[in-house]
Amino acid sequence: LSDAEIDKMVKEAEANKEADKKKREEVDVKNQADTLTHQIDKQLKEHGDKLAEDDKKKIEEDLANLKTVLEAGDTEATKEKIKSLTESAMKLGEAVYKSQQTQQEETKGTDTKEDVVDADYEEVKEKD
């Protein structure tokens, strides 16, 4: 490549720097939203019964809103909906955590200890 071609490429790269940065942000936000919606959907299916009905409805509403905005492709609105869903989904995390604590406490009292026997062993050397 000639010096002129290299200079032209560098100038084009600098001119497109902001557009590339914006596109990267859009893709990152979209990926974050996709991951979050998948994760919350899964958690709701598995642990939704542990939530109060109002909390569950709020999470489902925020989830639907995020999916709608995500399809529209509005990056700023998607960021807002991600924040809203993340905040409402904290109730789901709390419910799962409390459920696990309760299960651990219940199993603690019912655990039976097995007698553990230390084994004696003898090292056997092979003769040549």
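**Exercise 1. Surface and composition**

What does the accessible surface of the chain come to, and what percentage of this surface belongs to carbon and sulfur atoms?

*Solution.* The structure is a predicted model. Its chain has an accessible surface of about 11000 Å². Carbon and sulfur atoms account for 47% of that surface. As a further step, consider burial: of the 128 residues of the chain, 20% count as buried.

**Exercise 2. Fold and overall dimensions**

Determine the secondary structure of the chain, and set its radius of gyration beside the value for a compact globule.

*Solution.* Begin with the elements. The chain holds 4 helices and 0 strands, and their order from the N terminus is α-α-α-α. Next, take the dimensions. The C-alpha trace spans about 80 × 70 × 15 Å along its principal axes. The radius of gyration of the chain is 28 Å, whereas a compact globule of 128 residues would have one near 14 Å. Finally, turn to the contacts. Of those between residues at least 6 apart in sequence, 64% join residues at least 24 apart.

**Exercise 3. Helix 2**

Establish how the span of helix 2 relates to its expected span, and state which of its residues are buried.

*Solution.* Helix 2 covers residues 17–47, which is 31 residues. At 1.5 Å a residue, the expected span is 45 Å. From first C-alpha to last, helix 2 reaches 44 Å, close to that expectation. The buried residues in helix 2 are Val29, Ala33, Leu36, Thr37, Ile40, Leu44 and His47. Lys22 also lies in helix 2. Lys22 counts as exposed because its relative accessible area is 54%, and the cut-off for exposed is over 50%.

**Exercise 4. Classifying two further residues**

Is Ala64 buried, exposed or partly exposed, and how is Glu105 classified?

*Solution.* Locate Ala64 in helix 3, residues 53–72. Its relative accessibility is 40%, so Ala64 counts as partly exposed; that class lies between under 20% for buried and over 50% for exposed. Glu105 belongs to helix 4, residues 75–110. With a relative accessible area of 57%, Glu105 is exposed.

**Exercise 5. Separation in sequence and in space**

For the pairs Ala64 and Lys91, Glu105 and Leu51, and Lys22 and Glu122, give both separations.

*Solution.* Take each pair in turn, from C-alpha to C-alpha.

- Ala64 and Lys91 are 27 residues apart in sequence and 17 Å apart in space.
- Glu105 and Leu51 are 54 residues apart along the chain, with 20 Å between their C-alpha atoms.
- Lys22 and Glu122 are 100 residues apart in sequence and 70 Å apart in space.

**Exercise 6. Charges**

How far apart are the mean positions of the positive and negative charges of the chain?

*Solution.* Count the charges: 24 are positive and 37 are negative. The mean positions of these two sets are 5 Å apart.

Methods:
Residues are numbered from 1 along each chain as its sequence is written. This is a predicted model: local features need pLDDT of at least 70, side-chain atom pairs count only at pLDDT 80 or more; totals for chains, interfaces and linings use all residues. Side-chain values use heavy atoms; hydrogens and water are left out. Helices (H or I, at least four residues) and strands (E, at least two) are DSSP runs, numbered from the N terminus. The expected span of a helix is 1.5 Å times one less than its number of residues. Buried means under 20% relative accessible area, exposed over 50%, partly exposed in between (1.4 Å probe, protein chains only). The radius of gyration is taken over C-alpha atoms; the globule rule is 2.2 Å times the number of residues to the power 0.38. Contact means heavy atoms within 4.5 Å. Accessible areas come from the Shrake-Rupley method with a 1.4 Å probe; for residues, only the protein chains shown count as cover. Lys and Arg count as positive and Asp and Glu as negative; His and the chain ends are not counted. The place of a charge is taken as NZ of Lys, CZ of Arg, CG of Asp or CD of Glu.
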